[in-house]
Amino acid sequence: MNRSSIISVLLGVFLCGCHQAETYRHWSVTGGGKDNIRYTTLTQIDTSNIAQLEVAWIYHTGDADTINHSQIQCNPIVVKGVMYVTSPQLKLIALDAGTGEEKWRFDPQAEQQMPDARARFAMNNNRGVTWWSDNKVKIIFYTAGSNLYALDAITGKLAQEFGDHGIVDLHEGLGRDVHDLYVASTSPGIIYQDLFIIGSRVSEGSDAAPGHIRAYDVRTGKQRWIFHTIPQPDEFGFETWEDTTAYRHVGGANSWSGFSLDEKRGILFAPTGSASYDFYGGMRKGDNLFANCILALDAATGKYRWHYQTIHHDVWDRDLPTAPSLVTVSVNGKQVDAVAQATKHGFVFLLDRETGKPLYPIEEQPAPQHTELQGEKLSLTQPFPTFPKPFMRQTFDETDLNDLLPDTSFQDIRERYHGYDKGHLFTPPSLRGTIFFPGLDGGAEWGGTAFDPESGNLIVNANEIPWVMTMIQTPAGAAPGESYLQAGERVYRMKCMACHGPDRKGAEKYPSLAGSGLKYNAESFAELMQSGRGMMPAFTDLKPEEVNALADYVLEGARFAGKKFPWSAGGKDAYRDLPYSNTGYPKFQSREGLPAIRPPWGTLNAINLNTGEVAWKVTLGQHPALKHATTPTGTENYGGPVVTKSGLVIIAATMDQKIRAFSKKTGALLWEADLPAPGFATPAVYETGGREYVVIACGGGKLGTRSGDA
């Protein structure tokens, strides 16, 4: 097989009659259940027969984009024998869960579905969909671009009674005009009673929309409540922003990674990201509630119940990357319902579910204060949980440099290491470059955590890769006599350099723009700036003259050679045109493209939430460049684990194109199998027709791997 696939692995099923088995037998919600513990009580697949798994079916969508590195990150859901998945081009597809045969597909880009301007949208990733029924109507909710869609789950047709003939524009209802800003959603919403609750993905730059959380009526699409993650006057948390007008301009603080829900108590748990811009907070001084928070809201009304902030005034992009797992743990011999929140920087915050109070002390420790970035004001302290123990390395010193490298390459990374700022978990960004470890993609990431109720173990996969963040001063704005080419370079430095780098060659997940004139002409480039694509938001705030100038600079054209840029087209917005930007998102790597830190680069961890100890830790994956090495390396990993009552932890996530099963008791590897492409997604475990299956989306596309189509 040479194409990415959704592979179902077939075995029978044992149906237990206990309450727990009934609760965790199904996979009708992303993550297996609204408590987000990714756990199943199906037991036919177990430690004794895992090696006998066979491929049951493979389904191809036929719409991979190998040029733009498309992915499939969805965790499929299964309802009454029907599986719902999303494709690389964000089509929604219904399959027979037992055979993989297609029942219907919905294409949001089809002209008849999205006339006129709605046919253009950024091709963001999608990690799942949401099912709702009142026993008469059956609806699937999902997002593509800036639109929320409601579809009849039986026919795949738009539900005409919902919103505008089945569509709601997520730009609407945020309380300020954000139509020129990027608003989308990568994680599925969640159902509470007759409400569909959703967060958003927004730009991570200074042009970010606010990340407020919203609830819609499941039948009509009418917005029923909104919670301001950037508080407004007279709202709790407003005092944590020194600039009392910041709420009108600053964005972010968005709940992009999904929700957990305690339906019995009616509490919604929402993790939030950093306020924008990610790496400079001079225009958003203060602790910045409710950025970087575990938020508990009344699910029926959106009213605030409690919060816990895991980072104050974040300038490290340490969003909470996953919805918390709702767990029950033993504290001094008493069973306590809790929230377990894993973070990018290797901590687990363990909080009482009703009050938000830490179950064990969380210390506010002094944090570095020196910064050369004018106007920045760092938080004096940051929170450090004392229990449980961190699940990964949190320091990176010279003894940790990668000694698997050839001597000349090792000397090179050592020299670079000494030239960067470093040394503390909260060393701030700098003009020289700062080593961020843990890196920008974790620690924990969007794959999330699984929880085993039998052992009390929280299962989390982690990345252990250092990154380097280098800041740069940005141009002051348009000036008289500026040429179009000079204006294009200025706009590039303000809007594009943070992702594509000062030399336009890109890095990691951001493509090179050097020589991109072979791919785009002026017209298609202007359309790209209007629509966005993949990780790139739309830049509809740019004036036509600025787009023209940027096109000349990026495409190395000469349409306006010798012409002066109209000075009035520029303009300095203190909140958007910040004095600093970053030069890209490079990892700290050797000349060979290997991490500068010694292995392991990816791990799978079991943390006992009753004892606070790491019960076991194993490397996860083997780097393809070192596949014959005797040293287990692990790899960066995206997508999470599933844990089973029958004794297994099942996970793909690695760049070596494998799916694996481990003993949940010891971490011993019990089985592994090749996939047609890396499975950067979370598996689902389900039963249909008396048989048990494991399904994984193998979309590839990350870390330089091949993209797939199913």
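# A walk through strands, cores and helices

Both faces of strand E16 are covered: Ile213, Ala215 and Asp217 are buried on one side, and Arg214 and Tyr216 are buried on the other. Keep in mind as you look around that this is a predicted model. E16 spans residues 213–217, and five of its five residues are buried, so the strand is largely enclosed by the rest of the structure. Buried here means under 20% relative accessible area.

Next, look at the strands that pair with E16. Strand E14 (residues 195–198) is joined to E16 by four bridges, and the two run antiparallel. If you want a spot to find this pairing on your screen, go to Leu195, which stands opposite Asp217 in E16. Strand E17 (residues 223–227) is also joined to E16 by four bridges, again in an antiparallel arrangement. Here a handy landmark is Ala215, which has Trp225 of E17 opposite it. E16 and E17 form a hairpin with five residues between them. Within that turn, Gly221 has a positive phi of about 80 degrees.

Let us move along the chain to a sheet. Four strands make an open sheet in the order E28-E29-E33-E34, and their pairing is antiparallel. Strand E28 (449–452) and strand E34 (614–619) are the edge strands, each pairing on one side only. From one strand to the next, the twist averages 20 degrees. Between E28 and strand E29 (residues 457–463) there are four bridges, in the antiparallel sense. One pair to pick out is Ala450 with its bridge partner in E29, Ile459.

Ile459 also turns up among the neighbours of Leu604. Leaving aside residues up to four places away in sequence, Leu604 touches Ile459, Val460, Asn461, Trp616, Lys617, Val618, Leu620, Val649, Ile651 and Phe662. Leu604 belongs to the largest nonpolar core, which has 87 residues. Along with Phe391, Phe588 and Leu609, Leu604 is one of the residues with the most contacts inside that core. The element that gives the most to this core is strand E23 (residues 334–342), with five residues. Apart from this core lies another, of 33 residues, including Ile72, Leu95, Tyr686 and Val694.

Now for the helices. Helix H6 covers residues 544–554, and eight of its eleven residues are buried, so H6 is largely enclosed by the rest of the structure. Which residues of H6 are buried? They are Glu546, Val547, Ala549, Leu550, Ala551, Asp552, Tyr553 and Val554. These buried residues pack against helix H3 (484–495) and helix H5 (522–531). Just after H6, you will find Glu556 with a positive phi of about 55 degrees.

The meeting of H3 and H6 deserves a look of its own. Their axes come within 7 Å and cross at roughly 95 degrees. That crossing makes H3 roughly perpendicular to H6. On the H3 side, the contact involves Tyr484, Leu485, Ala487, Gly488, Glu489, Val491 and Tyr492. They meet Glu545, Glu546, Asn548, Ala549, Leu550, Asp552, Tyr553 and Val554 of H6. By character, the residues of this contact divide into nine nonpolar, two polar and four charged.

A further open sheet has five strands in the order E2-E35-E36-E37-E38, with mixed pairing. Strand E2 (39–40) and strand E38 (669–674) stand at its edges with a single partner strand each, so one side of each is left without a neighbour in the sheet. Inside the order, strand E36 (residues 648–651) and strand E37 (residues 658–663) pair in the antiparallel sense over four bridges. To locate this pairing, find Ile650, which stands opposite Ala661 in E37.

Our last stop is another hairpin. Strand E39 (residues 684–688) and strand E40 are joined by five bridges and run antiparallel. Glu687 stands opposite Glu692 in E40. Two residues lie between the strands of this hairpin, and Gly689 takes a positive phi near 60 degrees. Is E40 (residues 691–697) mostly covered or uncovered? E40 is mostly covered, as six of its seven residues are buried.

Methods: Residues numbered from 1 in each chain as written. Predicted model: local features only at pLDDT ≥ 70, side-chain atom pairs only at ≥ 80, totals over all residues. Heavy atoms only, no water. Pairing = 2+ DSSP bridges. Axes fitted to C-alpha atoms, helices over the stretch in contact; angles between N-to-C directions. Core = buried A, V, L, I, M, F, W, Y, C linked by side-chain atoms within 4.5 Å. Buried < 20%, exposed > 50% of the residue type's maximum accessible area, 1.4 Å probe, protein only. Contact = heavy atoms within 4.5 Å. Parallel < 35°, antiparallel > 145°, perpendicular 65-115°, else oblique. Nonpolar A, V, L, I, M, F, W, Y, C, P; charged D, E, K, R; others polar.
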